[in-house]
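Trainee: I would like to learn how to read features from a structure, step by step. Could we go through one together?

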Amino acid sequence: MTTIFNLPTDCILVILSFLNGKSIARFSSVCQLWKPLCAREELWEIIVKSSFRANCLIPKDSPLSWKNFYFSTRGFPTHLELASSPRGEIQVIDPFTVVNKKGGNINVVYTNKPLPYRGRFIYFEVIFLENPSPNGGLSVGFVTSYPPPAGRHIGWDHKSWGYHSDDGQMYHENSWGGKEFGPSYKEGDVIGCGFLIQGNRIFFTLNGQFIGFANKPHYVHWKNPYQLYPAVGLHFQKEKITLNLAQVKFLWQGNFPS
């Protein structure tokens with residue numbers, strides 16, 4: 001009689017590939033026969049690639065094994081969600097790249113999970129790929145509400161901070177006008193946003209250069225400031241962006257002003 005103990009190795013690997021990483025770790029402790037199978041790189045490669053909607057999150061030059069990569073990225077966002085935009089207004093190119101197909105309305109995209117902490121700060125970058133208008137109608141930043149309000153630029157509500165492309169201003173719980181912050185940005189620019197745990201400070205970068213902190217030290221009055229979702233608001237037709245969560249090297253090198 002055929003049992004799992006005498007199945008060919010390839011068949012067992014296929015069966016294991018339907019489990020998640022945590023289950024496989026438990027499975028490996030069942031018996032000595034399965035322990036080396038659960039450590040096979042080809043198995044963890046399948047699990048990693050099935051954990052994301054696209055392989056774009058997996059750095060091509062990662063020094064980690066597939067197993068270590070899986071456990072180092074648990075909890076990371078896997079794709080962008082749409083904040084109740086009218087059907088057809090946002091075209092999804094890949095899990096982290098979208099195009100605004102119709103202008104006039106503000107369409108908001110945001111990650112399906114908050115950014116997990118791996119050190120003293122969290123950070124992401126948005127690449128402004130295409131923009132038909134002079135400075136566009138983009139807003140980039142963090143939101144804490146899930147899902148964020150539809151039809152509202154990032155920073156217009158008290159649970160968000162947003163750096164806007166048209167005027168370079170910083171917006172927080174204000175839809176009528178922001179505060180002077182940095183230069184405006186346009187097609188081809190790379191906008192970065194992060195949160196420094198020390199002092200609870202949100203900061204922004206532009207094309208690899210540190211722009212500034214968006215809030216005073218410890219001034220983050222949200223209920224849980226550590227549930228931060230990267231978000232982008234798009235306003236004009238044919239605006240195209242992609243979100244970088246370190247699937248490619250960040251333009252900013254992590255240098256804070258002294």
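Trainee: Is Lys186 buried, exposed or partly exposed?

Mentor: Please keep in mind that this is a predicted model. Buried stands for under 20% relative accessible area and exposed for over 50%, with partly exposed in between. Lys186 has a relative accessibility of 44%, so this residue counts as partly exposed.

Trainee: Which residue does the side chain of Lys186 meet in a salt bridge?

Mentor: The general idea is that side chains of opposite charge can pair when their charged atoms come close. Here the side chain of Lys186 meets that of Asp189, with 4.0 Å from N to O. Asp189 is buried, because its relative accessible area is 8%, so this salt bridge joins a buried residue to a partly exposed one.

Trainee: How many salt bridges does a search of the whole structure find?

Mentor: The search finds 3 salt bridges. One of them links Arg40 and Glu42, whose closest N and O atoms are 2.7 Å apart; Arg40 is partly exposed at 29% relative accessibility, and Glu42 is partly exposed at 36%. Another links Asp157 and Arg152, with the closest N and O atoms 3.4 Å apart; here Asp157 is partly exposed at 21%, and Arg152 is partly exposed at 28%.

Trainee: Let us turn to helices. Which residues of helix H1 are buried, and where do they fall when seen down the axis?

Mentor: An α-helix has 3.6 residues a turn, so residues three or four places apart point the same way. In H1, which covers residues 9–16, the buried residues are Ile12, Leu13 and Leu16. Seen down the axis of H1, these buried residues fall within an arc of 100 degrees, so they line one face of the helix.

Trainee: Now the sheet. In what order do the 7 strands come, and which strands are at the edge?

Mentor: Strands of a sheet pair through backbone hydrogen bonds, either parallel or antiparallel. In this structure the 7 strands form an open sheet in the order E1-E4-E13-E6-E7-E8-E9, and the pairing is antiparallel. The edge strands are E1 (80–82) and E9 (179–180), each of which pairs on one side only.

Trainee: Which strands do bridges join to E6, and how many residues of E6 are buried?

Mentor: On one hand, 5 bridges join E6 to the antiparallel strand E7 (residues 160–164), where Gly141 stands opposite Gly162. On the other, 5 bridges join E6 to the antiparallel strand E13 (residues 229–234), where Ser139 has Gly233 as its bridge partner. As for burial, 5 of the 5 residues of E6 (residues 139–143) are buried, so this strand is largely enclosed by the rest of the structure. If you follow the sheet on from E7, 3 bridges join that strand to E8 (residues 169–172), again antiparallel, and Gly162 stands opposite Tyr171 there.

Trainee: For a last example, how should I read a single residue, such as Asn244: is it buried or exposed, and what does its side chain reach?

Mentor: Begin with its place, which is in strand E14 (residues 240–244), and then its accessibility: at 2%, Asn244 counts as buried. Next come the polar contacts: the side chain of Asn244 reaches the backbone oxygen of Val248 at 3.1 Å, and a polar atom of that side chain lies 2.9 Å from the backbone nitrogen of Ala246. Finally, leaving aside residues up to four places away in sequence, Asn244 touches Phe124, Glu125, Lys249 and Phe250.

Notes: Residues are numbered from 1 along each chain as its sequence is written. This is a predicted model: local features need pLDDT of at least 70, side-chain atom pairs count only at pLDDT 80 or more; totals for chains, interfaces and linings use all residues. Side-chain values use heavy atoms; hydrogens and water are left out. Buried means under 20% relative accessible area, exposed over 50%, partly exposed in between (1.4 Å probe, protein chains only). Helices (H or I, at least four residues) and strands (E, at least two) are DSSP runs, numbered from the N terminus. The arc is that of the directions from the helix axis to the C-beta atoms. A polar contact is a pair of N or O atoms within 3.5 Å; within protein, one must be able to donate a hydrogen and the other to accept it, and residues adjacent in sequence count only if both atoms are side-chain atoms. Contact means heavy atoms within 4.5 Å. Two strands pair if DSSP finds at least two bridges between them.
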